[in-house]
Amino acid sequence: MTTQYYVACSLDGFIADRDNSIDWLLQFGFEEFGSHYEHFLAGIGAVVMGADTYQFLLDDDSGWGYTMPAWVLTHREMPGVDGADIRFAQGPIAEVHAAAVAAAGDKHVWVIGGGNVAAQFADAGLLDELLVTIMPIALGAGRPLLPLARTTALTATGTTPFPGGAIELRYRVGRG
């Protein structure tokens with residue numbers, strides 16, 4: 001199975017704006033992406049995210065939406081979610097990855113949200129695939145999609161256009 005970074009970003013490569021907000025993304029709604037997302041989510045067996053993404057999900061009124069085990073990379077104390085399998089982790093990313101892969105079984109691992117977490121996976125050679133939905137908006141500044149520490153080769157494997165102008169790009173991540 002694969003470790004995937006599935007995310008939406010602006011045309012100019014930002015996942016959050018200057019104020020660390022995703023209001024720009026929420027304006028597009030989810031209707032046209034719903035069935036595509038549900039198909040993706042059905043193949044996920046474990047999720048990994050950073051503390052900021054986790055806090056955003058905690059603050060969201062819709063509640064915790066994941067039934068699979070979740071790892072939160074953090075150095076701070078954070079509350080859990082009743083009934084959810086959430087594991088707070090720090091230390092070598094390879095250990096977190098190995099645990100998530102084992103928990104995912106025959107399904108994929110999803111690196112959610114934060115570009116910094118996805119970049120750690122990619123820089124360690126642990127990210128297999130990028131699924132990036134480019135939204136038809138330019139932000140000018142904000143949190144970058146994938147702030148890598150090294151050059152990383154990508155191989156295009158597919159695209160999915162959406163009616164509102166967004167396009168999902170799929171890439172296999174090179175090693176080395």
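The side chain of Q4 forms a polar contact with the side chain of E129 at 2.7 Å, a polar contact being a pair of N or O atoms within 3.5 Å in which, within protein, one atom must be able to donate a hydrogen and the other to accept it, with residues adjacent in sequence counted only if both atoms are side-chain atoms. The model described here is predicted: local features need pLDDT of at least 70, side-chain atom pairs count only at pLDDT 80 or more, and totals for chains, interfaces and linings use all residues. Residues are numbered from 1 along each chain as its sequence is written, and side-chain values use heavy atoms, with hydrogens and water left out.

## Q4 and its surroundings

Q4 belongs to strand β1; helices (H or I, at least four residues) and strands (E, at least two) are DSSP runs numbered from the N terminus. The relative accessibility of Q4 is 4%, so the residue counts as buried, a term that means under 20% relative accessible area, against over 50% for exposed and in between for partly exposed (1.4 Å probe, protein chains only). Contacts of Q4, apart from neighbours within four places in sequence, are made with F40, I44, H108, V109, W110, V111, L127, E129 and L131; contact means heavy atoms within 4.5 Å.

## The two pockets

The largest pocket holds about 1,200 Å³ of space. It is lined by 37 residues, of which I22, L25, F30, F56 and L57 are the closest to its centre. Two or more lining residues come from each of β1 (3–10), β2 (14–16), α1 (23–26), α2 (34–42), α3 (51–59), β6 (108–112) and β7 (129–135). Among these elements, α2 gives the most, with five residues.

The second largest pocket holds about 350 Å³. Of its 20 lining residues, G50, A51, N116, V117 and Q120 are the closest to the centre. The elements α3, α5 (115–123) and β8 (143–144) each give two or more residues to this lining, and α5 provides the largest share, four residues.

Several terms apply to both pockets. On a 1 Å grid over the protein atoms alone, a cavity is a set of points where a 1.4 Å probe fits but cannot get out, whereas a pocket is an open set with protein on both sides within 12 Å along at least five of seven lines; lining residues have an atom within 4 Å of a point. Grid points are joined across faces, edges and corners, and a volume is the space filled by probe spheres set on the points. In the table, Ala, Val, Leu, Ile, Met, Phe, Trp, Tyr, Cys and Pro count as nonpolar, Asp, Glu, Lys and Arg as charged, and the others, Gly among them, as polar.

| Lining | Nonpolar | Polar | Charged |
|---|---|---|---|
| Largest pocket | 21 residues | twelve residues | four residues |
| Second largest pocket | eight residues | ten residues | two residues |

## L73 and T74

L73 is part of strand β4 (residues 70–73) and is buried, with a relative accessible area of 16%. Beyond residues up to four places away in sequence, L73 touches V48, M49, G50, A51, A89, I93, V96 and V117. The C-alpha atoms of L73 and M49 are separated by 6.2 Å, although the two residues are 24 residues apart along the chain.

T74 is located in the loop between β4 and β5 (86–89). With 7% relative accessibility, T74 is likewise buried. A polar atom of the T74 side chain lies 3.1 Å from the backbone nitrogen of R76. Outside the four nearest places in sequence, T74 contacts A51, F88, A89 and Q90.

## V132 and A104

V132 is found in strand β7 and is buried at 5% relative accessibility. Setting aside neighbours within four places in sequence, V132 is in contact with V7, C9, L145, I167, E168 and L169. Its C-alpha atom and that of A70, 62 residues apart along the chain, are separated by 21 Å.

A104 lies in helix α4 (residues 93–104), and its relative accessibility of 7% makes A104 buried. It touches G45, A46 and V109, not counting residues up to four places away in sequence.

## Annotated region

An unreviewed UniProt entry places the feature "domain: Bacterial bifunctional deaminase-reductase C-terminal" at residues 100–158; UniProt positions are given in the numbering used here, feature names are shortened, and annotations may be inferred rather than shown by experiment. Over residues 100–158, the chain is 24% helix and 32% strand, with the end C-alpha atoms 26 Å apart.
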